[in-house]
Amino acid sequence: MASLSLSTPTTPTSLSFTSSSIFLSSHQLHTHSKFKFPILPLKPLSISCKSSPLPVLNFSGDKIGESFLDLRSAPPDTARAVVHRAVVTDLQNKRRGTASTLTRGEVRGGGKKPYPQKKTGRARRGSNRTPLRPGGGVIFGPKPRDWSIKINRKEKRLAISTAMASAAANTVVVEDFAAEFAEKPRTSEFIAAMKRWGLDPKEKSMFLMTEVPENVRLSSRNIGTLKMLTPRTLNLYDILNADKLVLTPGALDYLNQRYGVDYQGSDDEDEEEEEDEEGAEGVVDGEQGN
């Protein structure tokens, strides 16, 4: 997995949450005049993290410019906790929770006593479905349950932007190359392009594009180490699990706009984002089931 590291902020810090009690004023912290509570310094819950210049490459692998990722990131002392909580939430919400076992009362049969209680010299037994025998019930076995847990929308967005900021050192920007595969899909040509971009096909790579054309998807689907994502399917686990990140200019603009410092999102947009993520997870689960 990609290591979590943060660069030094170059712009003034900004607050993403202001409802917590740590932001109360000094006179609100004093509940009685006899007691003098220390006034704790305000700690920002998010900071501006501007990455070092990202090289912009064309399809031939030549550098044609530079770009930047200017994202909102968690402070270094809380970044790991925020990202860890979001990863646990994503992985746990993917659990189906369909594991089920039968107790001794649910196993078929076992109503008749196998042999008399006494005068056999054997241990007494009331049923063949006892958990002590093969084919019997299971003691404290799993039952269907809901594993899903909740995470705040702003916290989840902050975790994704923190992970993207930490992975900026292993990120390159590539010009839109959909026109190169307009005629037909070619996996060999896609692998050759990856090598020109400095990517090892044996290492895990994640491509983020605003839209994945059909021929590009067909050209990359046989590369087992590659993930092709869109803003709808972008998730924290794939970001951290990738060794290299490849962005298109459109995806870079989306990240700076959606996870940047100046983003002022509404609840409607957050709800639409959650619906898109649930729909994307349903599509993935359906493909796995087929």
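In this predicted model, a good place to start is the pairing of strand β2 (residues 54-57) with strand β5 (residues 171-174), which run in the parallel sense and are joined over two bridges. One residue helps to locate this pairing: L57 has V174 of β5 as its bridge partner.

Stepping back from this pair, β2 and β5 belong to an open sheet of six strands, and reading across it gives the order β3-β2-β5-β8-β6-β7. The pairing in the sheet as a whole is mixed. The edges are taken by β3 (63-67) and β7 (226-229); each has a single partner strand, so one side of each is left without a neighbour in the sheet. From one strand to the next, the twist averages 25°.

Helix α4 (residues 187-196) offers a second point of interest. Which residues of α4 are buried? They are F190, A193 and M194. These residues cover an arc of only 105° around the axis, and therefore lie on the same side of α4. The face turned away from that buried side carries S188 and K195, both of them exposed.

The helix can also be placed relative to the sheet described above. Among the elements that cover the buried residues of α4 are two strands, β6 (205-208) and β7, together with helix α5 (214-220). Both of these strands appear in the sheet order, where β6 is followed by β7, and β7 is one of the edge strands. Finally, the chain after α4 is worth a look: the helix is followed by G198, whose phi is positive, near 85°.

Key
Residues are numbered from 1 along each chain as its sequence is written. This is a predicted model: local features need pLDDT of at least 70, side-chain atom pairs count only at pLDDT 80 or more; totals for chains, interfaces and linings use all residues. Side-chain values use heavy atoms; hydrogens and water are left out. Two strands pair if DSSP finds at least two bridges between them. Helices (H or I, at least four residues) and strands (E, at least two) are DSSP runs, numbered from the N terminus. Axes are lines fitted to C-alpha atoms, for helices over the stretch in contact, and angles run from 0 to 180 degrees between N-to-C directions. Buried means under 20% relative accessible area, exposed over 50%, partly exposed in between (1.4 Å probe, protein chains only). The arc is that of the directions from the helix axis to the C-beta atoms. Contact means heavy atoms within 4.5 Å.
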